[in-house]
Amino acid sequence: MDFESQLRRYEPRPYPADGPSPAAGEAEPRWEDYAPAEPPAADPEVSPARRLLDSGYQRELAQARLTHQRALREWRTRQAEAGSPAADESRRVHEQAEQARARAVREYNDSLEECRRAYRLAEPAAVESLLERALAAAETSTQDLPAPCRAVFRPLTRTAVLDLDLPTLDLVPSLTGYRLGTDGEILPVPRPPADRATDYLRLVARLALRALQAADAVDTDEILAGVVLNGWLREPGAEPLCLVSVDADRDALARTRLLPPAAPYEEHDGEGVYADAEQDEALVRLRQLGAAVTPDPYARAGVEPAAVAGPAVPSAPDLSANEFAQLVRELLTRGGLAQWSVRLRGPAGLVATGEGPAGSALPGRWVVWASRSAQPVGEEEIRTLAEAVREESAERGLRLTTGRFADEALDLTGEDGHQHIHLVDGDGVRELARTHLGLPLAAGL
């Protein structure tokens, strides 16, 4: 589904009369080219006239005359039609049709190149269109099992948020069979709930990996820095329930084989149902990506989505952990902080080190602590950052929050011994996004 494979090529179709029709100035068929050779003389004493009375030769001669006459008639017909108005009109219509075909292919390829240009510029509509075409193509592999997936691209973090509609829970059989009761009545034999949950989670894992693989494979120009996938169970009369959520960056997707082998799962005796589920390859690969998976879908036990595909301009709480880390790194790298190394990362923030060259906006070695908590950053956290700066043999520390700082924290950074700690609050983060990325970050705390 990438752009190169969608290019069309124009191959001209020759005019039907161009094949067998003669070129201009075709010579008239000559009898000499059709006349059969005279039969050889069996007896030198026999006269040439006597040899021409041979019956076999006469038959060949008659057939040759018919062939010559037919060729001569067809030649005269072609010569007569070559300059006729009907033939000229037919050729003109054919040439116009070919020009229209060539123009349609050229216009289609031009529009495709325009879409590719918009995609390379990370325009949301172009990226989303490409992703959804790839996701729709992947869905056709199981036409009897619809699992539509929608894509939203956030240029601020270059992340695609995918919403996957999961199959209904009643898709998995609830019975193992039937048995006869003591009175001859046919009784259903229900399946253990754990078996149904295991089968459903295996299916969910494969659908999620298929969607991730489609998004990763079609992104040939590496526009995406990461992908967030949420698998939703939508039932009539109930709120959508998230049963699986994945927050993976590009490196994690590249390290993971997203499509498991097609070989069927082999059961092992004595492992138990839940052991089978844990050893299912699709679930194992999904958990390698740090996915959150419901423990029991039939109990309607949901998970927290890593990120929500909400407004086009997200706020800090709308971002996934990988998105927030990517945003902080991009902002500080654009500001001059290179050699970025993440030490700790979690849903609330990250701790990293970086080093800026002399003469840049952020010279020297830095320890960065970034968070997006709604609680004000207090004095104790500033002291903790100062200790981390000493332990890392750094020169400065940067405390970044999408919220605000408490008054005692602001006062502490003005004192001797803590002036090397720099503070950036939510307004500063949004200003950095506008300055270095040219994109807004909504206030959401």
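Biologist: Which residues in H5 meet Arg210, Ala211, Ala214, Ala215 and Val218 in H6?

Modeller: Happy to help, and keep in mind that this is a predicted model. The H6 side of the contact is made by Arg210, Ala211, Ala214, Ala215 and Val218. Facing them in H5 are Leu130, Leu131, Ala134, Leu135, Ala138 and Glu139.

Biologist: By class, how many residues in the contact of H5 with H6 are nonpolar?

Modeller: Let's sort them by class. The contact of H5 with H6 has two charged residues and no polar ones. The nonpolar residues number nine.

Biologist: Is H5 oblique or parallel to H6?

Modeller: Two packed helices are described by the angle between their axes and the distance between the axes. Here the axes of H5 (residues 124-139) and H6 come within 9 Å and cross at roughly 135 degrees. Angles over 145 degrees would count as roughly antiparallel and those from 65 to 115 as roughly perpendicular, with the rest beyond 35 degrees being oblique. The angle of roughly 135 degrees therefore makes H5, relative to H6, oblique.

Biologist: Is the crossing of H5 and H6 left-handed or right-handed?

Modeller: This is a nice one to check by eye in the structure above. For the crossing of H5 and H6, the hand is right-handed.

Biologist: Which residue forms a salt bridge with Asp216, and in which helix does that partner lie?

Modeller: Asp216 is in helix H6 (residues 193-218) and is partly exposed, at 24% relative accessible area. The closest N and O atoms of the pair are 3.8 Å apart. The two residues are 34 apart in sequence, so their salt bridge ties together separate parts of the chain. The partner is Arg250, in helix H7 (residues 250-255).

Biologist: Is Arg116 buried or exposed?

Modeller: Start with the salt bridge that Arg116 forms with Glu113, where the closest N and O atoms are 3.8 Å apart. Both residues lie in helix H4 (residues 85-120), three residues apart, which is about one turn of the helix. Glu113 is partly exposed, with a relative accessible area of 36%. Arg116 has a relative accessible area of 12%, and because the limit is under 20%, Arg116 is buried.

Biologist: What is the N to O distance in the salt bridge of Arg30 and Asp33?

Modeller: Asp33 is exposed, with a relative accessible area of 53%, while Arg30 is partly exposed, at 47%. Their side chains meet in a salt bridge, with an N to O distance of 3.0 Å.

Biologist: How many salt bridges does a search of the whole structure find?

Modeller: The pair Arg30 and Asp33 is one salt bridge, and Glu113 with Arg116 is another. Searching the whole structure gives a total of 26.

Technical notes
Residues numbered from 1 in each chain as written. Predicted model: local features only at pLDDT ≥ 70, side-chain atom pairs only at ≥ 80, totals over all residues. Heavy atoms only, no water. Salt bridge = Lys/Arg side-chain N within 4 Å of Asp/Glu carboxyl O. Buried < 20%, exposed > 50% of the residue type's maximum accessible area, 1.4 Å probe, protein only. Helix = DSSP H or I, 4+ residues; strand = E, 2+ residues; numbered from the N terminus. Axes fitted to C-alpha atoms, helices over the stretch in contact; angles between N-to-C directions. Left-handed = near helix turned anticlockwise from the far one by under 90°. Contact = heavy atoms within 4.5 Å. Nonpolar A, V, L, I, M, F, W, Y, C, P; charged D, E, K, R; others polar.
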